[in-house]
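Grab your viewer and a coffee. Here are a few short exercises, each followed by a solution you can check on screen.

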Amino acid sequence: MSITEFGHGYLFRTKKKKKKKKKNNKKRSNSNRVLTPSVLGFPLDFTAVEGNMESFMTQVKNLAQSLYPCSTQKLDQEMKLQFLRNSSVTCNDGSPAGYYIKESRGSRRWLMFLEGGWYCFSKHTCDSRYETMRRLMSSSKWPPTRTGTGILSSQPEENPHWWNANTVFVPYCSSDVWSGSTAKTDQNDYAFMGSPIIEEVVKELVTKGLDGAKVLLLAGSSAGGTGVLLNVDRVSELLEDLGLGSVQVRGLVDSGWFLDHKQYRFTDCIDTISCAPTEAIKRGVRYWNSVVPERCSRVYNGEDWNCFFGYKVQPTLKRPVFVVQWLFDEAQLMVDNVHLTGQPVQEGQWRYIQNLGSELRNTLKNVPAMFAPACLSHEIITRSYWMDIHVKGTSLPRALQCWDRSLRHHGNSSSIQAPPRGCPLHLIDSCPWPHCNPTCPTIREQLTGQEMTVIQFLTHLGFDVQRVAQQQGMEPHKLLGMLSNGT
């Protein structure tokens with residue numbers, strides 16, 4: 001979900017400048033080129049490579065870039081739309097559900113991404129959603145192809161460790177956080193079939209090569225990230241039932257780790273944005289006929305709404321999960337009724353924002369593998385700048401690579417071995433301010449588009465440097481230096 005998509009008055013948009021690619025004008029000789037499998041028309045699988053991975057990936061990127069101008073790879077970058085063969089599994093409005101796929105013959109790694117985009121939990125909220133965001137409830141206007149970005153990109157310079165995977169993008173058209181199991185009937189105005197959509201996609205992928213996979217990474221952002229938590233064990237169990245228990249199923253949760261805490265300002269539950277997450281999910285679970293992980297349902301005695309909150313469901317999962325979460329998530333602040341409009345925030349709002357970061361840190365402290373920058377943003381893994389964000393000197397792709405290496409000999413177990421030196425898995429910022437990490441996405445004022453420094457941003461939010469410095473017992477210039485450096 002993109003905050004700006006919903007037009008609720010957010011002042012800032014986060015955006016990274018695209019890096020200019022250096023042109024290589026040096027002529028290459030085709031006569032001396034070695035005929036590798038990539039040259040012959042199918043990509044290589046580097047899953048089993050050990051040792052100096054960084055050096056190896058540099059060589060791979062150089063090779064791919066040198067071959068690109070005279071290859072047909074450009075034609076294969078786009079993911080192509082496939083509607084589900086099982087026509088009874090549909091989007092909200094009864095139109096066929098489906099997925100986009102880019103196959104990578106020879107690779108035994110598969111990446112299946114679940115799109116996000118909030119939810120609706122009643123006839124009123126779903127009618128409103130259908131009028132304003134129909135693309136998230138119907139497949140009638142889906143384009144025939146999609147181009148992947150971030151972790152879905154087929155370009156090694158943008159996606160160094162997953163560029164060669166078989167890539168699947170599953171559009172979100174069920175409005176149920178990928179949990180519902182209700183078909184559209186004369187009595188039901190809408191279908192909520194997020195759970196069977198995932199099941200049918202996996203079954204079809206088995207016929208396209210997933211049966212020979214070594215790893216399936218089930219990833220998702222926002223509501224799709226929560227959908228990963230709800231479905232990663234079920235996907236693994238489905239493959240086991242199909243005789244494919246050797247496929248290692250893992251989860252990657254991006255911006256789907258929401259909190260069920262008290263809102264900053266309570267409002268009646270009349271629409272999706274203002275309704276407290278706990279109340280919205282309680283209503284949704286009944287309306288969608290949701291399917292949640294069995295172990296989680298047992299832990300919470302059938303109060304299945306609990307299983308939509310990461311810190312509650314994650315300890316019950318059997319399969320390994322990597323959590324990516326901004327400490328100051330824009331979507332969380334929105335549903336908590338903290339709206340960053342043109343006016344500086346009040347002192348109570350400022351404390352609430354800081355407490356949000358502290359609460360998220362506490363819920364993540366026992367998660368074995370995670371990446372949590374102290375930034376105000378939402379979603380990251382499909383952003384073209386996802387490589388630019390660092391926590392404690394480590395990028396997200398690097399952290400995911402370390403996680404991948406730690407799981408290689410553990411099959412579908414959630415246990416991990418100690419990562420190699422210099423290969424951290426548990427990365428969380430300790431600085432207490434929004435955007436105190438200097439690698440956070442660039443902040444732009446929405447009206448003018450002008451870039452803002454961290455200090456300008458915090459000052460606009462109502463951050464009083466003099467007062468906070470006095471509270472911390474330090475000189476204002478020292479505090480300003482800490483903010484500028486992200487310490």
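The protein chain has 14 helices and 17 strands. Keep in mind that this is a predicted model.

**Exercise 1.** Get a feel for the fold: what share of the 487 residues is buried, and what share of the contacts with a separation of 6 or more links residues 24 or more positions apart?

*Solution.* Start with burial: 56% of the 487 residues are buried. Then turn to the contacts with a separation of 6 or more: 77% of them join residues 24 or more positions apart.

**Exercise 2.** Find the largest nonpolar core and say which helix gives the most to it.

*Solution.* First, the core itself: the largest one holds 129 residues, and Met112, Ile151, Leu239 and Phe322 have the most contacts inside it. Next, the helix: α5, residues 223–241, gives the most, with eight residues. Now zoom in on Leu239. Skipping neighbours within four places in sequence, Leu239 touches Val202, Val206, Leu210, Leu216, Leu244, Gly245, Val247 and Val249. As background, nonpolar side chains in soluble globular proteins tend to be buried together.

**Exercise 3.** Work out how α4 packs on α5: are the two helices parallel, perpendicular or oblique?

*Solution.* Step one is geometry: α4 (residues 194–206) and α5 pack at about 40°, and their axes are 11 Å apart. Step two is the label: angles under 35 degrees would count as roughly parallel and 65 to 115 as roughly perpendicular, so α4 is oblique to α5. Step three is handedness, and the crossing is right-handed. Step four is the contact: α4 supplies Ser195, Ile198, Glu199, Val202, Lys203 and Val206, while α5 supplies Asn231, Arg234, Val235, Leu238 and Leu239. Sorted by type, these residues come out as six nonpolar, two polar and three charged.

**Exercise 4.** Look at the backbone of Val177 and Ser222: where does each sit, and is it buried or exposed?

*Solution.* Take Val177 first. Its phi is near 55°, positive although the residue is not glycine. Val177 sits in the loop between β6 (166–170) and α4. With a relative accessible area of 3%, under the 20% cut-off, Val177 is buried. Now Ser222, another non-glycine residue with a positive phi, near 60°. Ser222 is in the loop between β7 (215–221) and α5, and its relative accessible area of 3% makes it buried.

**Exercise 5.** Place Trp433 and say how far it is from Cys375 in sequence and in space.

*Solution.* Trp433 is in the loop between β15 (426–428) and β16 (442–445). At 6% relative accessible area, Trp433 is buried. Trp433 and Cys375 are 58 residues apart in sequence, with their C-alpha atoms 8.1 Å apart in space.

How values were computed
Residues are numbered from 1 along each chain as its sequence is written. This is a predicted model: local features need pLDDT of at least 70, side-chain atom pairs count only at pLDDT 80 or more; totals for chains, interfaces and linings use all residues. Side-chain values use heavy atoms; hydrogens and water are left out. A nonpolar core is a set of buried Ala, Val, Leu, Ile, Met, Phe, Trp, Tyr and Cys residues joined through side-chain atoms within 4.5 Å. Buried means under 20% relative accessible area, exposed over 50%, partly exposed in between (1.4 Å probe, protein chains only). Helices (H or I, at least four residues) and strands (E, at least two) are DSSP runs, numbered from the N terminus. Contact means heavy atoms within 4.5 Å. Axes are lines fitted to C-alpha atoms, for helices over the stretch in contact, and angles run from 0 to 180 degrees between N-to-C directions. Angles under 35 degrees count as roughly parallel, over 145 as roughly antiparallel, 65 to 115 as roughly perpendicular and the rest as oblique. A crossing is left-handed if the near helix is turned anticlockwise from the far one by less than a right angle, and right-handed if clockwise. Ala, Val, Leu, Ile, Met, Phe, Trp, Tyr, Cys and Pro count as nonpolar, Asp, Glu, Lys and Arg as charged, and the others, Gly among them, as polar.
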